[in-house]
Amino acid sequence: MEVAKTIESIRALIKAARRVGGKIGLVPTMGALHVGHTSLIEAAVKACDFVVVSIFVNPTQFGPGEDFEKYPRPLEADLEICEKAGVDVVFNPTPQEMYKAENLTWVNVEKLTEGLCGASRPGHFRGVATVCAKLFNIVQPDVAYFGQKDAQQAIVIKRMVVDLNMPLEIVVCPTVREPDGLAVSSRNKYLSAQQRKDAAGIYRSLQKCKEIIEAGETDAKQIIAQMHKILDEIPGGEIEYVEIVDAETLERVDAISGRALAAIAVKLGPARLIDNILVDTTKQ
Ligand code: AMP
């Protein structure tokens, strides 16, 4: 496995891989790799001939006062995970390499970025879309892999690719969870043992939503009230949003019909945790 630190060196490796031929897969990450990430890497290794994992804590997607500085960066352990998983190249640039000069060009996906996490993290999705556009231009993958865990991010990136005619496929992989249902996340490390236990309430709330919908309830307000009841019991939990939105447009729905996304963001101690599930009333 190669580790490329510069755009020039990753481009040379990609050029060589293109000469051999086959499908190039990219898994963009911020590192601190866990089983959620490895599920994406495994999907890429299975479907592609040459797999690039990018490890880059992207400064432009963090707001003031967010955890950019303290975000975990265990590079040696990450490289070991990638090597074991059969990755061909890890692209690990510095912020200076990715943003050489003052950045004047940004990718702004409208509407889809206004609600959910976009409402409390202004500029976050602009940073995400811009860095993904840069990574797609640098690596020029045939396929890029994202997790359903960050549902809004996946939808935003899919839309960017369509709107800007980028020649790649976006594959979204299912959320990997801990045995108690908590979505695996690099930010779970910030939780105390008690908070970690309490955080399972987020998934219980999503399961409740699924159950109620399966029992025939379609009124989003009623469902959200039930979800709130469970979340309200998380000691010290600060609920940022509990919403049911259309799974494509991310617009709030009053009455659920078809594919909807139930999404939650909760601040718990030092961590901001997000999770979601897709519900499909047409499949009942
Ligand atoms: P991050 O390093 O947090 O930016 O995540 C990199 C990619 O891994 C994103 O596409 C995430 O959606 C995905 N990911 C993170 N956690 C999980 C998880 N628990 N299950 C599936 N995918 C995940």
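Which residue takes a positive phi just after H7? In this predicted model, the residue in question is Asn 165, whose phi is about 55°. The helix that precedes Asn 165, H7, spans residues 151-163 and comprises 13 residues, and the distance of 18 Å from its first C-alpha to its last is close to the 18 Å expected at 1.5 Å a residue.

The buried residues of H7 are Ala 151, Gln 152, Gln 153, Ala 154, Ile 155, Val 156 and Ile 157, together with Met 160 and Val 161. These buried residues pack against two helices, H5 (117-120) and H6 (124-139), and against the strands S5 (143-147), S6 (169-173), S8 and S9.

Strands S8 and S9 also belong to an open sheet of three strands, which is ordered S7-S8-S9 and paired in antiparallel fashion. Its edges are formed by S7 (237-246) and S9 (271-280), each of which pairs on one side only, and neighbouring strands are turned against each other by 15° on average when direction is ignored. Strand S8, covering residues 259-268, is joined to the antiparallel S9 by 10 bridges, and within this pair of strands Lys 267 stands opposite Arg 272 of S9.

Two further helices are associated with this sheet. Helix H9 (residues 200-214) lies across S7, S8 and S9 and runs at about 15° to S9, whereas helix H10 (residues 220-231) packs on the sheet by touching S7 and S8, its direction making about 155° with that of S7.

Key
Residues are numbered from 1 along each chain as its sequence is written. This is a predicted model: local features need pLDDT of at least 70, side-chain atom pairs count only at pLDDT 80 or more; totals for chains, interfaces and linings use all residues. Side-chain values use heavy atoms; hydrogens and water are left out. Two strands pair if DSSP finds at least two bridges between them. Helices (H or I, at least four residues) and strands (E, at least two) are DSSP runs, numbered from the N terminus. Axes are lines fitted to C-alpha atoms, for helices over the stretch in contact, and angles run from 0 to 180 degrees between N-to-C directions. Contact means heavy atoms within 4.5 Å. The expected span of a helix is 1.5 Å times one less than its number of residues. Buried means under 20% relative accessible area, exposed over 50%, partly exposed in between (1.4 Å probe, protein chains only).
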